[in-house]
Amino acid sequence: VSSSGGLSEAARAAVQPGMDRMREVALELVLPWFTGLVAEAEKRIVKVHGDASLTNDGCSSPTVYCKELTNLLAHFHAEFLRRLPNTAPGESGGAASAANTSGTSSSAGGSLAPVAGQLARALCRRAAARIVALCLRHMALRRPIGMAGRHALAADCAALESAVEKHLCAVTELGGTYRALR
């Protein structure tokens with residue numbers, strides 16, 4: 001062990017294959033959750049094409065499909081993401097932080113929690129970018145649309161931004177997808 005408390009280069013090289021395998025296992029564990037999230041989100045997003053209220057002035061805001069989508073994101077967060085360490089947007093808690101505050105190093109402790117948390121955060125960003133991009137594409141393709149429908153879609157964009165920020169990741173992390181949403 002080096003004087004800085006981390007692993008020496010030789011030790012790091014020795015444990016690297018095991019850490020790589022842990023990352024692969026963590027990815028295999030959480031990837032189906034995110035794949036399912038995007039698939040379920042797409043089912044809700046395509047409902048924008050069947051929403052007849054967008055063509056007239058009787059449109060409510062947020063729309064039914066947007067409510068379903070934000071409920072899906074909230075459910076995904078409550079049922080899946082809360083179980084993973086350090087995955088909430090802006091959160092520094094979780095099992096990874098608890099291990100670090102107890103005096104153990106998460107990089108040398110062999111725990112799967114920090115690895116799963118890192119992968120889940122990256123997958124959250126990918127899923128959020130995919131959901132936002134799908135939503136924007138389908139909104140742009142929606143025709144005909146009345147003036148009230150346009151306002152409702154703008155409100156849906158704000159609701160989507162809020163839901164992604166609250167349940168998946170900071171929207172500013174989405175780069176070009178976030179700029180398109182704004």
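What follows is a chat between a student and a tutor about how the labels on this predicted model are earned.

Student: Let's start wide. What makes up the fold, helices or strands?

Tutor: The protein chain has six helices and zero strands. Read from the N terminus, the elements go α-α-α-α-α-α. Of its 182 residues, 37% count as buried. And among contacts with a separation of 6 or more, 77% join residues 24 or more positions apart.

Student: Okay, helix pairs. Why are α1 and α2 called roughly antiparallel?

Tutor: Look at the angle. The axes of α1 (residues 9–45) and α2 (residues 64–79) cross at roughly 165° and come within 9 Å. Angles over 145 degrees count as roughly antiparallel, so α1 gets that label against α2. The crossing of α1 and α2 is also right-handed.

Student: Which residues of α1 and α2 meet there?

Tutor: From α1 you have Trp33, Phe34, Leu37, Glu40, Ala41, Arg44 and Ile45, and from α2 Tyr65, Glu68, Leu69, Leu72, Leu73 and Phe76. Sorted by class, the contact of α1 with α2 has 10 nonpolar, no polar and three charged residues.

Student: Leucine 72 is on that list. How do you know that leucine 72 is buried?

Tutor: Leucine 72 sits in helix α2. Its relative accessible area is 11%, and the cut-off for buried is under 20%, so the label holds. Setting aside neighbours within four places in sequence, leucine 72 is in contact with Leu37, Glu40, Ala41 and Arg44. Histidine 167 is 95 residues away from leucine 72 in sequence, with the two C-alpha atoms 9.8 Å apart.

Student: Now α2 and α5. What makes α2 and α5 roughly parallel?

Tutor: Same test, other end of the scale. α2 and α5 pack at about 0°, their axes 10 Å apart. Under 35 degrees counts as roughly parallel, so that is what α2 and α5 are to each other. On the α2 side the contact uses Tyr65, Cys66, Leu69, Thr70, Leu73, Ala74 and His77, and on the α5 side Leu153, Asp156, Ala159, Leu160, Ala163, Val164 and His167. By class, the contact of α2 with α5 has 10 nonpolar, three polar and one charged residues.

Student: How do you know that the span of α5 agrees with what a helix should give?

Tutor: Count and compare. Helix α5 (residues 147–167) has 21 residues, which at 1.5 Å a residue should span 30 Å; the C-alpha atoms at its ends are 30 Å apart, so the two agree.

Student: Which residues of α5 are buried?

Tutor: Among them are Ala148, Gly149, Ala152, Leu153, Asp156 and Cys157. The list also includes Leu160, Glu161, Ala163, Val164 and His167.

Student: Why is glycine 149 called buried?

Tutor: Glycine 149, in helix α5, has 0% relative accessibility; buried means under 20%, so glycine 149 qualifies. Leucine 54 lies 95 residues from glycine 149 along the chain, yet their C-alpha atoms are separated by 4.1 Å.

Student: And arginine 125? Why is arginine 125 called partly exposed?

Tutor: Arginine 125 belongs to helix α4. Its relative accessibility is 32%; buried stops under 20% and exposed starts over 50%, so arginine 125 falls in between and counts as partly exposed. Outside its neighbours within four places in sequence, arginine 125 is in contact with Cys169, Glu173 and Leu174. For leucine 174, the C-alpha to C-alpha distance to arginine 125 is 6.7 Å, across 49 residues of sequence.

Student: One last thing. Where is proline 144, and is its peptide bond from arginine 143 cis or trans?

Tutor: Proline 144 is in the loop between α4 (113–141) and α5. The bond from arginine 143 to proline 144 is cis, with omega near -15°. Most peptide bonds are trans.

Methods
Residues numbered from 1 in each chain as written. Predicted model: local features only at pLDDT ≥ 70, side-chain atom pairs only at ≥ 80, totals over all residues. Heavy atoms only, no water. Axes fitted to C-alpha atoms, helices over the stretch in contact; angles between N-to-C directions. Helix = DSSP H or I, 4+ residues; strand = E, 2+ residues; numbered from the N terminus. Parallel < 35°, antiparallel > 145°, perpendicular 65-115°, else oblique. Left-handed = near helix turned anticlockwise from the far one by under 90°. Contact = heavy atoms within 4.5 Å. Nonpolar A, V, L, I, M, F, W, Y, C, P; charged D, E, K, R; others polar. Expected span 1.5 Å × (residues − 1). Buried < 20%, exposed > 50% of the residue type's maximum accessible area, 1.4 Å probe, protein only.
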